[in-house]
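Open the structure in your viewer and keep the sequence panel in sight. This tour goes stop by stop: select, look, move on.

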Amino acid sequence: MVGIAVNGTGRLLRLGMTVVLAGALLAGCAKNKEGGSSPSSSAAPPASGTESAQPSGEDPKETLEYSFYQENDSPPTFADNPNDVLTPIVESKFNVKVSKVLYNQGSTFKERFNMLLATNDLPDVIYAQSNAPIVASSGQYAELGDLIKQYMPNLQKYGSMDTWRDSYFNGKLYSIPALWVDTSLQKFNDIYSLPASNWGLVIREDILDKLGYKYTPLKEIEKKVNETQQKPTYDDFKIEPAIATPDDLYEFLKKVKALNLKVGNKDVIPLSIPWWAQHHLANMFGVSSAWQYHEDDNTVSGTPFGDKYGKEYFQFLNKLYSEKLLDPDFAIQKDQQLAEKEASGQVAVALVLMGDLNAIHTGIDKIAPGKMFHHIPMPGKEGIARNGIDAFNPAAFQFFIKKDFKDIPRLLQYFDWFFSDEALDLKIWGPESLGLWEMKDGKKVFKDEALHQALIENAEGGIADDQYYKKGLGRYGLPKQYSKAFSAAPGLVGYNPFDWERSYPYKVSDIFAMSSAYVTTGALERGGKLLAGVDDLTNGPGNWLWSDFYNNKSSKLYAVKPGNFDKNWEELKTEFMKKTKYDEARTEMENVFKERGLLK
């Protein structure tokens, strides 16, 4: 299906979220369930039939087949997996089968879709994310909003349809979501489930020490969580005094520079970022590359040239650059070069750690034993209402059903089963006949401790692959997604109340990732006020920024002498407004926000 890697890197969240669902859905993103069983109920055998979809319309004994197309460039591994133990069970239970599996086959999704449309050979079910508007606008796929309310009760236990607004097309819902569960909500956010992370800043703890800041080192938090088995809170990770505003950040970076720290004969750089992080830092001033609805004054805007404080943001970036507080090579350095700087201790503050995180933290530990990089939230300009940096759309991963499909209600009931306790338990543990688990103290545990350890280590080519993942088991949407039945149907993204980890005492697997989750999840926009464009016109401004401005022309702003800044800003703004038809695009997006019930 789809893939998102959310480890604090919101660029992946926004720009790289399309890594095919069945091949690589969500790799560690949003990580109890309303009503029903508690997490520990993974021990209990699933109820027999109480949650099962009951076919409607046709005789349930008649085989119902559907063709399936996923937005993917490579042949999906699940389509022909002889070791898949789950698909035969599901097919036998429902007499529903996936007939053929299609993918892009060397074309873009749009090209392939239009070819299938022209030959009247569109698949029965399509999975899409970034290309969902193409499917919805074709007129070939069914409106599903009322049908989901009627036939998919299990799905609706995990998220209100009111939060799916980003997946509506012209005010209507044409898709079923592979639902990305918002585990920041208290009912889902227990110790085993991290909230989805996004963007903040990371600061070396040893430098916090040198400057007299108060905080709890991450390794101490890790020890406390493992000992108490209690989830941490945001307050566990905070630093004092807080670096809450751009001015606070500026003063902090000046203090770092004044330390005159060296790595060999090289100065420690106060702040270094990759070139694309200009967009993320802009959130300090409420600026975004996406379209935004501003509730405080009921307006719609987008991009640094359209947002109210875009100019002030680049003036701030210019100040950092001119005073040598920002890495002078940030716009031209390769990711590996930044990773090497971070691992050597040459960077004090960063937006993201690049490359091998273990190598980076090992490098810092050598400089200051027991210390790591420490997350703080993105600072924000005082007195402004900021939207998130990236949008959290629970329904971003969308399944469409052809409107002339022979029995849509039966297929919806079948899809709804994949959100049931029975399906969620089966996906993690497999059938009893597979022999992987036994009951101990009221919980399912693996019979083979070596398999348990292999799953913890998650190394390639080990027994976890052979005995578990290749059998079709595993949390829905992980890169190792090998069950045809589960891959060609929606499911819960990044969360399963029956996860095998819940049968064992909790142990922090990655304190840095945990820190990112608790500190930065607030940077995700959950209110629908941040949107990408919906067509070529409204995507134009963002496309220009990423293709022409951030990696090329923005140097005319951050690297220019302050006296020439205003002139360059006006020239670039004029070019932007003309080339992107910004005013026309904004008018169209105002209509989109009105459709979604935001713009008054």
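**Stop 1: helix H17**

Select residues 421-429, helix H17. Nine of its nine residues are buried, so H17 is largely enclosed by the rest of the structure. Keep in mind that you are looking at a predicted model.

Show the side chains. Some carry nonpolar names: Ala 423, Leu 424, Leu 426, Ile 428 and Trp 429 are among the buried residues. Asp 421, Glu 422, Asp 425 and Lys 427 are buried as well.

What surrounds the buried residues of H17? Add two strands to the selection, E17 (437-440) and E18 (443-446). Then add three helices: H3 (86-94), H16 (408-417) and H20 (484-487). The buried residues of H17 pack against each of these elements.

Now pick Asp 425, which lies in this helix. Is Asp 425 buried or exposed? Its relative accessibility is 3%, so Asp 425 counts as buried; the cut-off for buried is under 20%. Which side chain does the side chain of Asp 425 contact? Select Lys 444: the two side chains make a polar contact at 2.8 Å.

Step just past the end of H17 to Gly 430. Its phi is positive, at about 75°.

**Stop 2: helix H15**

Select residues 357-367, helix H15. Colour Ile 360, His 361, Gly 363 and Ile 364, which are buried. Why do these four fall on the same side of H15? They cover an arc of only 150° around the axis, and that places them together on one side. An α-helix has 3.6 residues a turn, so residues three or four places apart point the same way.

Turn to the other side of H15. Asn 358 and Lys 366 are exposed there.

Next, show what the buried residues pack against. Two strands take part, E7 (200-204) and E14 (373-377). So do three helices: H8 (205-210), H14 (335-344) and H21 (511-520).

Finish at the N-terminal end of H15, where Asp 356 forms a cap. Draw a distance from a side-chain oxygen of Asp 356 to the backbone nitrogen of Asn 358, and look for 3.0 Å.

**Stop 3: Ser 344**

Helix H14 holds Ser 344. At 31% relative accessibility, Ser 344 counts as partly exposed. Leaving out residues up to four places away in sequence, Ser 344 touches Val 263 and Ile 367. A polar atom of the Ser 344 side chain lies 2.9 Å from the backbone oxygen of Lys 341. For a sense of scale, select Gly 533 too. The C-alpha atoms of Ser 344 and Gly 533 are 40 Å apart, with these positions 189 residues apart along the chain.

**Stop 4: the nonpolar cores**

Which residues have the most contacts inside the largest nonpolar core? Select Phe 252, Leu 281, Phe 314, Leu 351, Phe 549 and Phe 593. The core has 90 residues. H21 gives the most to it, with six residues.

Zoom in on Leu 281. Setting aside neighbours within four places in sequence, Leu 281 is in contact with Leu 201, Ile 273, Tyr 313, Leu 317, Leu 351 and Met 378. Another core, of 72 residues, lies apart from the largest one. Phe 94, Tyr 151, Val 181 and Leu 451 are among its members.

**Stop 5: where H9 crosses H21**

Select H9 (residues 218-228) together with H21. Their axes come within 10 Å and cross at roughly 90°. That makes H9 roughly perpendicular to H21. Leu 218, Ile 221 and Glu 222 of H9 meet Ile 511, Phe 512 and Ser 515 of H21.

**Stop 6: backbone details in the loops**

Select Glu 240 and Pro 241. A cis peptide bond joins them, with omega about -5°. Pro 241 sits in the loop between helix H10 (234-237) and helix H11 (246-258).

Go on to Asn 260, in the loop between H11 and strand E8 (262-263). Its phi is positive, near 55°, in a residue other than glycine. At 60% relative accessibility, Asn 260 counts as exposed.

The last pick is Asn 458, in the loop between helix H18 (449-457) and helix H19 (463-467). Asn 458 also has a positive phi, of about 55°, although it is not a glycine. With a relative accessible area of 43%, Asn 458 is partly exposed.

Conventions
Residues numbered from 1 in each chain as written. Predicted model: local features only at pLDDT ≥ 70, side-chain atom pairs only at ≥ 80, totals over all residues. Heavy atoms only, no water. Buried < 20%, exposed > 50% of the residue type's maximum accessible area, 1.4 Å probe, protein only. Arc of directions from axis to C-beta. Contact = heavy atoms within 4.5 Å. Polar contact = N/O pair within 3.5 Å; in protein donor to acceptor, adjacent residues only side chain to side chain. Core = buried A, V, L, I, M, F, W, Y, C linked by side-chain atoms within 4.5 Å. Axes fitted to C-alpha atoms, helices over the stretch in contact; angles between N-to-C directions. Parallel < 35°, antiparallel > 145°, perpendicular 65-115°, else oblique.
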